[in-house]
Amino acid sequence: MPPCRELTQEEKDEKNRKARERAKIGREEKRRRLNPEEVQVAKNLNAKKAREDRQAEAPDERALRQRFYAEWKRVTCANETQVEHEARLLDQRIRQQLLRQEQAEEENRARLLAEAERQSVFRQEEENRARLLAVVERQADLRQDEEIRARLQAEAERQARKLLFVNKKQQLFYER
């Protein structure tokens, strides 16, 4: 058997790139076969576990992890091809755009919720104002009715006294 020849760096890079592509395609196919809801649940669990792990780590572990990640990212970026670099930048732009859209939507939802709440309070204030105005008008009508009754009562009493006076005068006149 002839001895194996040593691969050049370009051949090794190409071989590694193809292996990464095959692995990526395999992960994507596996993801497609799974139920999307299950995929999301698994992602949420993984994210939760990662958050819990990060919260539980000591400050020196955190610094070590951050240094390791920065070094890994630097090496990865240094080893990527121009196409991979452009794809990574495009992916970052897309993620940032989606994040901005999500934030804008969240702000819009919050703004709409605040506006709906403000409108609700405004309607309630208008209803209260209308109700109070109706009560005030009713009370004014009642006072006016009371004043009219009091005047009528006073007039009736005056008429009754006048009539009584006239009747007494007539009685005195007839008695003489």
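Where do Glu71 and Arg74 lie, and how many residues apart? Both sit in helix 3, which spans residues 59–79, and they are 3 residues apart, or about one turn of the helix. The two also form a salt bridge, with 2.4 Å between the closest N and O atoms. Glu71 has a relative accessible area of 38%, so it falls in the partly exposed class. All of this is read from a predicted model, and the rest of the picture is best started from the overall fold.

As folds go, the inventory is quick to list: the protein has 4 helices and 0 strands, and from the N terminus on the order of elements is α-α-α-α. The radius of gyration comes out at 45 Å, well over the 16 Å that the globule rule gives for 176 residues, so the protein is more spread out than a compact globule. Along the principal axes, the C-alpha atoms fill a box of roughly 170 × 35 × 30 Å. Buried residues account for 2% of the 176 residues. The exposed area is about 16800 Å², and carbon and sulfur atoms supply 56% of that area.

Next, the charges. The protein carries 43 positive and 37 negative side chains, and the centres of these two sets lie 2 Å apart. A positive patch does turn up on the surface, though, formed by Lys24, Arg27, Arg31 and Lys43. Helix 1, residues 9–33, gives the most to this patch, with 3 residues. Lys24 is placed in helix 1; its relative accessibility is 47%, and because exposed means over 50%, Lys24 counts as partly exposed.

Salt bridges come to 12 in the structure. One of them is also found in helix 1, where the side chains of Arg17 and Glu21 meet with an N to O distance of 2.2 Å. These two residues are 4 residues apart in helix 1, so about one helical turn separates them. Both ends of the bridge are partly exposed: Arg17 has a relative accessible area of 22%, while Glu21 is at 38%. The pair is also part of something wider, since a network of salt bridges links Glu14, Arg17 and Glu21.

A further bridge joins Glu57 and Arg65, whose closest N and O atoms are 2.8 Å apart. Here the two ends fall into separate classes. Glu57 has 17% relative accessibility, and because the cut-off for buried is under 20%, this residue counts as buried. Arg65, at 32% relative accessibility, counts as partly exposed.

Back in helix 3, there is a nonpolar feature to go with the Glu71–Arg74 bridge. Phe68, Tyr69 and Trp72 form a nonpolar patch on the surface, and together they have about 400 Å² of accessible area. Tyr69 is found in helix 3, and at 46% relative accessibility Tyr69 counts as partly exposed.

Put together, the predicted model shows a protein of 4 helices and 0 strands that is more spread out than a compact globule. Its surface features include a positive patch formed by Lys24, Arg27, Arg31 and Lys43, as well as a nonpolar one formed by Phe68, Tyr69 and Trp72.

Technical notes: Residues numbered from 1 in each chain as written. Predicted model: local features only at pLDDT ≥ 70, side-chain atom pairs only at ≥ 80, totals over all residues. Heavy atoms only, no water. Patch = residues over 30% accessible without salt bridge, like charges linked within 9 Å, V, L, I, M, F, W, Y side chains within 5 Å. Areas by Shrake-Rupley, 256 points an atom, 1.4 Å probe, with all protein chains shown as cover. Salt bridge = Lys/Arg side-chain N within 4 Å of Asp/Glu carboxyl O. Lys, Arg positive; Asp, Glu negative; His and termini not counted. Charge placed at Lys NZ, Arg CZ, Asp CG, Glu CD. Buried < 20%, exposed > 50% of the residue type's maximum accessible area, 1.4 Å probe, protein only. Rg over C-alpha atoms; globule rule 2.2 N^0.38 Å.
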